[in-house]
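Reader: Hey, can you walk me through this one? I'm new to this, so plain words please.
Author: Sure, take a look and ask away.

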Amino acid sequence: MTMHTFQLLRMSFALIAALTVICSAQPAVPFVLPWDDSSPGIADFSPLNAPIGPNARVTVDANGHFVVSSNRIRFLGMNFAGQLPFTPTNKTEAVAARLAKFGINCVRFHHMDAPWAHGGGLLAYTSTTSTNINPAQLEKLHYTVARLKEHGIYSDINLLVGRQYRSRDGLGSAVATMDWKDTHVLGYFNDTALALQKDYARKVLTPINRFTGLPLAKDPAVAFVEVINENGIIQKWLDGGIDRLPASYAAQLGSKWNDWLASRYTNDAALLAAWRAIDQPLSPNLLKNGAFSNSLSSWTTEQHSSARAVSSRTFDFIDGAPSAQIKVTQASSESWHVQFNQAGLSVAIGQPYTISFWAKSDPPAGIDVSVMQAHADWQTVGFSQRYSLSTNWQQFTRTFVADRTDTNVRVNFGGMGAALGTFWIADARFHSGGQVGLLPPGTSLATHSVPAILYSGDGYTGTAEARRDWLQFLRDLEFQYYEQMLECIRSECGYDGLVFGTIMANSPATVQSRLDVIDGHAYWQHPVFPGTPWDMSNWYVRNVSMVNTLADDNTLAGLARQRIKGKPFTVTEYNHPQPNYYGAEGPLLLAAYAAFQDWDGVWMFDYGHGQDGSTTMGWVQGFFDTAQHPGKMANLLLAANLFRRSDVQPGQQEITMALTPETELDLLLKSHAWGIFSSSQLGVPSKLAFARRLSTSVGTDVAGLTNPPAGPTGSIITSDTGELTWDLGIPERGLVKINTPRTKALIGWCTNKIINLGGLIFAPATNTLGWCTIGATIVRGDSFTNECQALLVATGWWENTGQTWKNTEKTSLSKFGGPPVLTEVVPFTLSLPISTNRVRVWALDERGQRKASVTVTGNATNAVIVVTTNSSTIWYEISVSPLTGYAQWQTQNFTAAEMLDATVSGEGAAPAGDGVPNLAKYYLGLPAKTPAPADRLPLSELIVIGGRSFLAIRHLRDKAATDVKCSPEISNDLRTWESGPSAAVLHSIEDLGTLERVTFRDTEPIAARQQRFMRLAISR
């Protein structure tokens, strides 16, 4: 009797659930990334940058994306904000090479026109002029552009950013009385100011750069020119800048306003009818106890967070009349944390109301006054104003028209919680009725004296219809401004690259959509200055991670709703400013969701000190400095692959809203200075940005939705590509997962969790914050399970040496500290679904060079990398050797999903249902999912030698299957099996090309035994 079998010797599989979580104290180690490092290695991403030749001009294709020679290009950029363009030339090459190493392919030259820029900037300022260029500084700019170009890095030249006009620039002496940022709006209506801007553009863009032989205007390396930074005449009106204009400039703007009105209305009657001017008598006071004659009854004092205030009635109003006193005894981080209000009031849409009150404060301070909902969503109903109080009583009166009907609104006095002080309020009144929109006595259209419309205050503020006209007038000025600046840049300067206007938050969509590129800026937890702007002794930065919000305050949700369909979208300023512990998340989150939203460029703000020859390096020197922040810089490398290499795929479905010029005017009536346009105004919910691509079509007759779809529900949102998941299932413990074939990362509260990202299983261990970023990206190769080299970055807590916190909340510093910057080493375990002998890992030094091997444990199917805090680094190199043998056969026969399922792709599985296990099919040279043909399976036979018959098994095998052992085994009873040369021997091998025919035979003739059995045992 003869018999053949297959015996598969399975290997033991170690499960990731058995990983040991390392719990130990996290040491702070110095980790300074050298300012001049461009050394090759796994952390060198400069090969991403292509040479910038004569034909490498960036253009825009029919789909609204950047291309170079018809090939799409995305930009991962960095800002040079006033320092680096003017550093010593012997430092520039090193900085340019380092930028290329970290994946940067565009530099935005910002604040070059500011007097505080390094060496005085581009302008040769005097006490009275700002019109001449400093030739030495211009040459440094030229050299920097040239060196960047040699490293495949494009340039973005900003024109009007930080310029401070002087008294003899031709604008008159009044310019010296204005805030420098307010002066930039003059170019929208003042011919001299516009001429100064054009003159500067010519002086920067047209001189020959001796290092390239080209003017900047003709150099293809100058990909972009930006007209004006974060400004617009509508933006300036909304922030009160137009209200603040000196009389001479206000008269110039007023003259243009009257010209515009005269082209639309024939007389005052027609104008007032269109503006729906209102004159209604005042009703009795709708406030209860507005004179505080009955103590503080009907009034409520609110205290939020750590703010504390004591309210009482005093008698120090005029002639000893009563008043309400609110004394702030403990300040908080937000001004709204102390409020004083009366609720239960009703308003009707379209009805005028007049609010009046007296107030003072000690010390002088601001107070926010509004009429707002006394319930969620706490929206204003037509009136919100900040007033400046002094130590003397002042009366404030304002008539407004309610923009909604509501039966529970409140008169609210707020904005008192950010500083200690005492506020008094007296004779508070709220009436139905009042005068709105009547022209002041002595003014008329006929005499060209209709007043400009103030944004707020007690002057002429007009009706909603008048304000709508005013906004249309200002929008027309913006159209004209950009037309003239574009004419100068194109025709006079000869620039044929791409032109930005300003950011969407500061200018109407209809205006910016006429330019080449749509731009946005955003900062997660920008520094707040409760007192004087940029007072470095009085500021705070909320020390929180953005992974804990999916609401409107999420910067990515805000930016996604600013994109205009058919135009490239960029974010030229972005950061999670210091001293926020969580700043390293910024590059990763930005790059991942920018790629998902299919944006075209993102820039970090800013690089900070590169090396000016005197600055001490090795520490994070301010709110925005990126160059010496180890976590931000290292994560830029992952960001480069996520965004530039398009590891994250664009969203599959695009939600497009429609915006007409008329609808835009309606929206502008409700906008604010830093939110002029967002599709949130059209109802697009924030959460939708994390699930779908978003855009808005702009024009008089455009395709798009007028009602947006509802946003995703719940606290876990996955992109429609399945590659990104924002998980807020545990409040205040958010986690973002990035799972693409070539880059995988975790951002947030993932410590002591075991998380599988497509076969790579991450288990970050205990660390200081309970929060970290950990991500791996393939640098060379296509798969983590095939031959590749990968970079892994793990970041957590950081501080400068000697950094001193002001408060327990860790939101402000008394000292920024100094070098070296310190970081924790995040411990983790990483499992790869491949054999241990194929994986090697190294801890990297500060230059990204191998400094020490990291132990890899596991078995033939599971390589486990265990990193402890002793590694003293934040980044690691992972090398996976090529697939051979059975592992390679698996990848040829199974999908990525099947590879993760041992019941399908495991050695003992038989996915074809024929009972032949995968390992046997590999050995026999057969496909996995097709039933094995009978003639390809091993066959038993008798071999006659010297007249005696021997039991034998003959089979075909794949000659490449050298990692499989096939052993013949002999038994007399099917219970005990023997192998080796005493039991069976190789009889013959016949070469058939890729296959060979192998025959094994028994060592004893069949006549010697009553029964004899033979089988093949296949193993690895």
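Reader: Which residues do ring pairs link into a cluster?
Author: The cluster is made of Tyr523, Phe529, Trp534, Trp539, Phe605, Phe623, Phe624 and Phe816. Keep in mind that this is a predicted model.

Reader: Okay, and how many aromatic pairs does a search of the whole structure find?
Author: The search comes up with 60 aromatic pairs. One of them is phenylalanine 357 with phenylalanine 413: the ring centres are 5.2 Å apart and the planes sit at 80°, so the pair is edge-to-face.

Reader: Why does that pair tie together parts that are 56 residues apart in sequence?
Author: Because phenylalanine 357 is in strand S17 (residues 352-362), while phenylalanine 413 is in strand S21 (residues 406-414).

Reader: Is phenylalanine 357 buried or exposed? And what about phenylalanine 413?
Author: Phenylalanine 357 is buried, at a relative accessible area of 1%. Phenylalanine 413 counts as buried too, with 1% relative accessibility. The cut-off for buried is under 20%.

Reader: Got another ring pair for me? What do tyrosine 593 and phenylalanine 690 form?
Author: Those two make an edge-to-face aromatic pair, 5.4 Å centre to centre with 80° between the planes. Tyrosine 593 belongs to helix H11 (residues 585-596) and phenylalanine 690 to the loop between helix H13 (661-668) and strand S29 (693-698), so this pair ties together parts 97 residues apart in sequence. Both tyrosine 593 and phenylalanine 690 are buried.

Reader: Switching a bit: which residue lies over the face of phenylalanine 479?
Author: That's arginine 514, at 3.7 Å from the ring centre. There's also arginine 850, which lies over the face of tryptophan 842 at 3.7 Å from the ring centre.

Reader: Now charges. How many salt bridges does the count come to?
Author: The count is 49 salt bridges. Take arginine 108 and glutamate 573, whose closest N and O atoms are 2.9 Å apart. Arginine 108 lies in strand S7 (residues 106-110) and glutamate 573 in strand S26 (residues 569-575), so that bridge ties together parts 465 residues apart in sequence.

Reader: Are arginine 108 and glutamate 573 buried or exposed?
Author: Arginine 108 is buried, and glutamate 573 is as well.

Reader: What about lysine 236, which side chain does it meet in a salt bridge?
Author: Lysine 236 meets aspartate 239, at 2.9 Å from N to O. Here lysine 236 is buried, with a relative accessible area of 3%, but aspartate 239 counts as partly exposed at 28%.

Reader: And which residue forms a salt bridge with aspartate 403?
Author: Arginine 404 does, with the closest N and O atoms 3.3 Å apart. Aspartate 403 is partly exposed at 29% relative accessibility, and arginine 404 is partly exposed at 28%. Elsewhere, Asp36, Asp37, Lys101 and Arg847 are joined into one network by salt bridges that share partners.

Reader: Let's do strands. How many residues of strand S54 are buried?
Author: Seven of its seven residues are buried, in a strand that covers residues 1013-1019. On one side sit Phe1013, Arg1015, Ala1017 and Ser1019, and on the other Met1014, Leu1016 and Ile1018, so both faces are covered.

Reader: Which strand does S54 pair with?
Author: S54 pairs with strand S50 (residues 965-971), in the antiparallel sense over seven bridges. For instance, cysteine 966 has isoleucine 1018 of S54 as its bridge partner.

Reader: Last topic, backbone stuff. Which residues does a cis peptide bond join?
Author: One cis bond joins alanine 376 and aspartate 377, with omega about 15°. Aspartate 377 sits in the loop between strand S18 (366-373) and strand S19 (380-388). The bond from proline 819 to proline 820 is cis too, with omega near -5°, and proline 820 is in strand S41 (residues 818-824).

Reader: And what is the phi of arginine 276?
Author: Phi there is near 55°, a positive value in a residue other than glycine. Arginine 276 is in the loop between helix H7 (268-275) and strand S12 (278-280), and arginine 276 is exposed, with a relative accessible area of 58%.

Reader: Where is histidine 448?
Author: Histidine 448 is in the loop between strand S23 (434-436) and helix H8 (464-492). Its phi is also positive, near 60°, and histidine 448 is partly exposed, with a relative accessible area of 36%.

Key. Residues numbered from 1 in each chain as written. Predicted model: local features only at pLDDT ≥ 70, side-chain atom pairs only at ≥ 80, totals over all residues. Heavy atoms only, no water. Phe/Tyr/Trp six-rings, centres within 6.5 Å; stacked < 30°, edge-to-face > 60°. Helix = DSSP H or I, 4+ residues; strand = E, 2+ residues; numbered from the N terminus. Buried < 20%, exposed > 50% of the residue type's maximum accessible area, 1.4 Å probe, protein only. Lys NZ or Arg CZ within 6 Å of the ring centre and 35° of its normal. Salt bridge = Lys/Arg side-chain N within 4 Å of Asp/Glu carboxyl O. Pairing = 2+ DSSP bridges.
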